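Visitor: I am new to protein structures. Could you take me through this one, step by step?

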Amino acid sequence: MKCEWVRENIVLHVYGELADDARHELEQHVARCADCAAELKAERDFHALLSQDRAEDPSPNLLAASRMRLQEALETAKQGGFWNRVAIDPANWLRQISFSPALASAILILGFAGGVGTTIKFYGPHSPSPVTPTTTSVVPADASIAGINSITQDPSTNQVSIKYNTVLPQEASGTLNDQRIQQLLLYAARNNYNSGVRVDSVDLLAQKSGETQVREALIYALQNDTNPGVRLKSLDALGNYVKQDTSVRDAVLRALVNDSNSGVRIEALRLIEPVKADGSVRGVLMALAAKDQSTYIKSQARTMLAQLPEID
């Protein structure tokens with residue numbers, strides 16, 4: 001039996017797709033051939049890596065994904081009027097307040113303001129103390145941000161303006177080197193209910209893809225965002241790091257194997273072309289060439305494999 005036949009069928013063997021007689025012959029050959037045995041071990045290791053189901057620890061990423069799904073569900077749900085909801089189900093309204101610190105705080109402030117107003121009316125007006133205005137903009141913690149409204153960049157100054165909501169809409173401005181702007185962009189890429197804002201955020205973060213935390217946010221968007229346009233933007237931004245960053249390479253391979261959008265998969269296939277000789281990449285290409293549902297991807301995977309030198 002030739003080693004070439006064994007290499008062509010290793011992927012089918014790992015996935016349990018070989019007939020019993022062919023499987024027996026392959027196992028007999030691998031037992032005698034050290035090179036083929038090494039190839040089989042590499043394929044099994046990579047298959048185990050792709051198949052493992054890692055338990056997701058409670059983290060900002062998990063919270064962000066949950067918020068995104070909730071916001072998208074709320075966008076499509078039919079909502080009644082505010083007074084109608086209060087009149088029909090006041091108990092539910094009170095429960096919502098208990099789980100919404102921002103809303104509870106607003107109600108508390110309104111109640112306090114009402115009490116102060118009543119006191120002033122009772123005792124008579126007095127001159128207020130002068131208040132010195134301040135222009136300092138402080139970016140709130142993630143938990144207090146309700147959403148990002150819009151992201152714009154001035155081409156002439158490279159200033160980025162981001163409008164975001166807490167209890168009331170706020171705005172922060174600065175360059176991409178500004179830590180506040182980076183934090184808001186990272187938040188928008190992971191949390192915002194508006195897919196257009198997520199696209200804008202990822203587009204700007206691509207300019208800072210050399211930073212580790214930005215690449216992590218782009219990988220998160222590639223793996224979790226529900227909008228294929230956002231995933232495609234993230235993929236393009238990560239393309240320059242497929243060679244040097246194994247976490248990026250693994251994320252691109254997962255997109256190639258698992259993404260539901262054919263455009264994202266085709267772009268991922270194009271990005272791994274420079275590293276097609278890598279063992280893990282070769283294994284994915286063999287699996288795609290053997291039984292991918294896309295005729296185009298199957299054909300391209302076979303072409304890329306044909307360009308590789310044979311393994312002795």
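Guide: Start with a definition: helices and strands are DSSP runs, numbered from the N terminus. Note also that this is a predicted model.

Visitor: In which loop does Asn158 lie?
Guide: Use the numbering of the strands. β1 covers 147-153, and β2 covers 160-165. Asn158 lies in the loop between β1 and β2.

Visitor: Is Asn158 buried, partly exposed or exposed?
Guide: Buried means under 20% relative accessible area, and exposed means over 50%. Asn158 has a relative accessible area of 45%. Its phi is near 65°, a positive value in a residue other than glycine. By its accessible area, Asn158 is therefore partly exposed.

Visitor: How many helices and strands does the protein have?
Guide: We have met two of the strands, β1 and β2. The full count is 15 helices and three strands.

Visitor: What share of the residues counts as buried?
Guide: The cut-off is under 20% relative accessible area. The protein has 312 residues. Of these, the share that counts as buried is 35%.

Visitor: Which residues does Gln170 touch, not counting residues up to four places away in sequence?
Guide: Gln170 is found in strand β3, residues 169-174. Because its relative accessible area is 35%, Gln170 is partly exposed. A contact needs heavy atoms within 4.5 Å. With residues up to four places away left out, Gln170 touches Ile162, Lys163 and Tyr164.

Visitor: What distance separates the C-alpha atoms of Gln170 and Ile148?
Guide: Along the chain, these two residues are 22 residues apart. In space, their C-alpha atoms are separated by 9.4 Å.

Visitor: Now the helices. Why are α12 and α13 called oblique to each other?
Guide: Helix α12 spans residues 246-258, and helix α13 spans residues 262-271. Their axes are 8 Å apart, and they pack at an angle of about 140°. Angles over 145 degrees count as roughly antiparallel, and 65 to 115 as roughly perpendicular. About 140° fits neither range, so α12 and α13 are oblique.

Visitor: Which class has eight residues in the contact of α12 with α13?
Guide: From α12 come Val252, Ala255, Leu256 and Val257. From α13 come Val264, Arg265, Ala268, Leu269 and Leu271. The contact has no polar residues and one charged residue; the class with eight is nonpolar.

Visitor: Which residue caps the N-terminal end of α13?
Guide: Look at the backbone nitrogen of Gly263. A side-chain oxygen lies 2.9 Å from that nitrogen. The capping residue is Asn261.

Visitor: Against which helices do the buried residues of α13 pack?
Guide: The buried residues in α13 are Val264, Arg265, Glu267, Ala268, Leu269 and Leu271. They pack against α11, α12, α14 and α15.

Visitor: How are α11 and α13 oriented to each other?
Guide: Their axes come within 10 Å and cross at roughly 5°. Angles under 35 degrees count as roughly parallel. Therefore α11 and α13 are roughly parallel.

Visitor: How do the residues of the contact of α9 with α11 divide by class?
Guide: The axes of α9, residues 195-205, and α11 come within 9 Å. Ser195, Arg198, Val199, Val202 and Asp203 in α9 meet Gly229, Val230, Lys233 and Ser234 in α11. These divide into three nonpolar, three polar and three charged.

Visitor: Is Asp225 buried or exposed?
Guide: Asp225 sits in the loop between α10 and α11. A polar atom of its side chain lies 2.8 Å from the backbone nitrogen of Asn227. Because its relative accessibility is 5%, Asp225 counts as buried.

Visitor: With which side chain does the side chain of Ser280 make a polar contact?
Guide: Ser280 is found in helix α14, residues 279-291. Its relative accessible area is 19%, so Ser280 is buried. Leaving aside neighbours within four places in sequence, Ser280 is in contact with Phe46 and Leu253. Its side-chain polar contact, at 2.4 Å, is with Asp278.

Methods. Residues numbered from 1 in each chain as written. Predicted model: local features only at pLDDT ≥ 70, side-chain atom pairs only at ≥ 80, totals over all residues. Heavy atoms only, no water. Axes fitted to C-alpha atoms, helices over the stretch in contact; angles between N-to-C directions. Helix = DSSP H or I, 4+ residues; strand = E, 2+ residues; numbered from the N terminus. Nonpolar A, V, L, I, M, F, W, Y, C, P; charged D, E, K, R; others polar. Buried < 20%, exposed > 50% of the residue type's maximum accessible area, 1.4 Å probe, protein only. Polar contact = N/O pair within 3.5 Å; in protein donor to acceptor, adjacent residues only side chain to side chain.
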